[in-house]
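I opened my notebook to look up rings, cysteines and a surface patch. Here is what I worked from.

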Amino acid sequence: MSDSQELLLQMRGIHKRFPGVHAIKGIDMDLFGGEVLALMGENGAGKSTLIKMLGGAHQPTEGTIELKGKEITIENPQVSQDLGIGIIYQEFNLIPHLTVRENIFLGNPKSKNGVIRKNEEHRHAQELFQKIGIEIDPEVLCCKLSTAEQQIVEIVKALSSEVRLLVMDEPSATLTPQEVEGLFKIIRDLKQQGIGVIYISHRLDEIFDIADRVTVLRDGEYIGTKGIEKISRQEMIEMMVGRKVENEFPKHYQKIGSPVLEVSHLISDDVEDVSFTVHAGEVLGFTGLVGAGRTELMRLIFGADKKTSGSVQLHGEEIHINSPRDAIAKGIGLLTEDRKGQGLVLMHSVRENFGLPNLRLFSKNGVINGAEEKKRFARHIESMKIKIPHQEQLAKNLSGGNQQKVVLAKWLEQNCDVIIIDEPTRGIDVGAKYEIYMLINQLAEQGKAIIMVSSELPEVIGMSDRIVVMRSGKISAIVEDVQNTTQEILLDHAIH
Amino acid sequence: MVLVLALLFAIFSLTTLKEQTAEGYGAGQQLAEKALSSGVAKLVLVVGTSSDDQLVKEGLEESLKGRGVEVHIIETSEPPQAKKALKELATTIPANTLIACSKKTGNWTFYNSVDHFKDSEVLIPKSETVSTFLKASNLKTLPDKTAKTAIIAIGMTMIIITAGIDLSVGSLVALATVVSTMTLQIVFGNSSSPAMIGLSFLAGISAAGFCGFINGTLSTFFRIPPFIVTLAMMLITRGVALNLTGNRTIKVGLPDISWLGQMPNPIILMLLLYGIAYFVMHKTIFGRQIYAIGGNEEAARLSGVPVKRVLISVYTISGIVAGIAGIVMASELNSGSGEFGQTWELNVIAAVVVGGTSLMGGQGKIIGTLIGCAIIEVINNGMNLMAISSNTQQIVLGCVILAAIIVDKIKKK
């Protein structure tokens, strides 16, 4: 950055060795006051480990950290906080049944003789919210807030103590485009105040929007740092994955067949009168803001929630689905947006996860044929290139991309005609994203009807044959001409 | 865990080491044990007339009572007379029958000079150090006491793997004893026909199984936490059992019903049930679904697992196995009572947890539970032999449970 800005943080030759793993191999990183530095890299590149060193959760094995020219050791999270380092982790650390104010001051309450000074806290919280121009009642319970509002509370919590350096680990993962815009406004304000921000995200568009410089890591190694205006999207991806990437979204050979799933006038608490059709060989994209009812609609079709009225036809015949069990029996598969919470039993092996919906296919009188299960799973491991040491590997130890492939294998074994994929690449790094896109295209080419729900507009545009935009529980537009649509057009449908 | 069990065996074997006397009652027991371990059907005991030798005789007779060993006793302090008696016996018993002596008569040397007993083994009591814990007579009682808890623990393991709990099992044991004994007395008029007894037992098991079914239904359909539902069921069924009997113990007094409770039948039943449970948990769809529900209920539901049906089945099974433990108890004690099985649920949960099943659900092994039951029983038994008071035993048991969990946590890290 320009010389006028003060060097806030300087990390030199940082190494971190865990027993048996050399996680960080000599990383240099600088952060200036009033800039946004994007920290990029695939999962496992070492971003989180690096951040945890700033947060005091880990200590570097080698190397020095200087804050404003003074060498520091961050022994624990308290020290980190005292030094003015604020960290917003990917998973929120808010306690749902405490108020916003109580959460903000949880770590360092304003108190006198052990008694909390509520009014003082309230005033301070309001000041903070004003400072970033957002209105949230400090006395409301955190569980009543939307994801975006919770994100803001996390930021305010970090700002409640004197923060000079703010780290945000994938703050936008659960936000809609509109909410991301709000977040960026806050970040720009923070920049104005001279705060240095380290920003981690998998969404390249955001990086180009908000970051001043980009530092890329790969496999624990430092790859390089570049000013944002000096790097292209393509170059950035190549730095991250370490090889040439032809195309972010693979093109698929379109051969759209007859209607497979026809939904008419579906109504529930969250969905108002929705009708659409998806054809064999088609990737139907669904987008909209969070809370527009996309996920709810999919759960309705899959029988996970109860519908009020409406009908679903499969291959021209009306079907009645009262539970996921019915949907699976009819050949509908759902890959949930919350892969860890709803898609996988994390503590069990990938083989068991794969087997769960398919047990009937390889058992006799309720007794499982274990050898057959392994054989069938092995086929998917091979065809999808799932990277696991063995089938007994626990699901929780897999990367996001491999987890998604295991979930996909569950439904492929069922030979589903309709596959609903909710946020197919959430939390998945760039290299693996491409593989997931390839798989989706392959499935479409096999004549399956694919419904793909996504908040990432480039992904929706790049992958879909048609795009359905939802807004407050209703379909606001169905875009047929995907070639000539833009993010702005889709956003317009989603917001107004 | 098996290691822990082995360690406990070693500890108790060492701490219960005792000098076994070569004289008196203890010598007689020692002789009896040796005779039994060599598997003879007949033996000749030669003792003197001193009071000490009388005790040897008593010790041997007591220990061999009902064990199917024919004992011929020669009681004299004069060697010639003893030799004469031995020669007389030669006409009635087979050649080379085992000869057991006291310390005193063991000094006599003529035994093998009698032709008929030329190759007889002569047993003489020796002073030796023996572990009372490792004695066959003690080890045999171990599985006997474990059987009932272990049977209940099968259902508990399944429930805890689904991330649930069942506090009602102790009361269901009582209910099963009461229902089966009362059915036999009142409905079948104390009939001793095996069919009637079988039906009464079935009634007891069904009653407990039905309560388990209610547990499962209430907790799934009304989404009441199983802790609350089964706590209520624990109170209700205990009260019902006590009311049915009017706080009395129902004495059946029929020897025919005690067949099931006699060694080694409870053990065989236990092993059989564990075999079935192992198969169900690891080889069947149902077992896989139990693990999946405990691991992530929503993911299981979205994968097409009929969550409610599986949960109801699991609670019903827990009721049924508690009922089975109940009838084993009724058979063993020849009676039924609303007081039976108090606080058993806690012992069972302790055994399951010590056996490595996670209270958070999704993880656990049925065989682990069996070992957990064994560990707890070994500790109880060992402490009894070491004459540790029951108060202290509770403290030790509590510590063992904590230690088991801590070891488990450390291992997982």
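**Aromatic rings**

I started with two neighbours: Phe110(B) is buried, and Tyr111(B) is buried too. Buried means under 20% relative accessible area, exposed means over 50%, and partly exposed lies in between (1.4 Å probe, protein chains only).

This is a predicted model, where local features need pLDDT of at least 70, side-chain atom pairs count only at pLDDT 80 or more, and totals for chains, interfaces and linings use all residues. Residues are numbered from 1 along each chain as its sequence is written, chains are lettered from A and ligands numbered from 1 in the order in which they are written, and side-chain values use heavy atoms, without hydrogens and water.

Next I asked how many aromatic pairs the whole structure has. I found 9 over all chains. Rings of Phe, Tyr and Trp (its six-membered ring) pair if their centres lie within 6.5 Å; planes under 30 degrees apart are stacked, over 60 edge-to-face, and the rest tilted.

I looked at Phe354(A) and Phe362(A), which form a stacked pair, 6.5 Å centre to centre with 15° between the planes. Phe354(A) counts as buried because its relative accessibility is 0%. Phe362(A) is buried as well, at 3%. Then I went back to Phe110(B) and Tyr111(B): their pair is tilted, with 4.8 Å between centres and 55° between planes. I also noted a cluster in which ring pairs link Phe354(A), Phe362(A) and Phe377(A).

**Cysteines**

I counted disulfides (cysteine sulfur atoms within 2.5 Å). The count is 0 over all chains. Cys373(B) is in no disulfide, and its nearest cysteine sulfur, that of Cys399(B), is 20 Å away. Is Cys373(B) buried or exposed? Cys373(B) is buried, because its relative accessible area is 4%. Cys416(A) is buried too, at 0%.

**Surface patch**

I found a nonpolar surface patch of about 380 Å², made by Phe227(B), Ile228(B), Leu231(B) and Leu235(B). Patch residues have over 30% relative accessible area and no salt bridge; like charges are joined within 9 Å, nonpolar side chains (Val, Leu, Ile, Met, Phe, Trp, Tyr) within 5 Å. A salt bridge is a Lys or Arg side-chain nitrogen within 4 Å of an Asp or Glu carboxyl oxygen. Phe227(B) is partly exposed, because its relative accessibility is 46%. Phe227(B) lies in helix H9 of chain B, residues 226-245.

**Confidence**

I checked pLDDT, the predictor's confidence in each residue, from 0 to 100. Chain B averages 87, and 98% of its residues score at least 70. Among the elements of chain B, H9(B) has the highest mean, 96.

Definitions and conventions
Accessible areas come from the Shrake-Rupley method with a 1.4 Å probe; for residues, only the protein chains shown count as cover. Helices (H or I, at least four residues) and strands (E, at least two) are DSSP runs, numbered from the N terminus.
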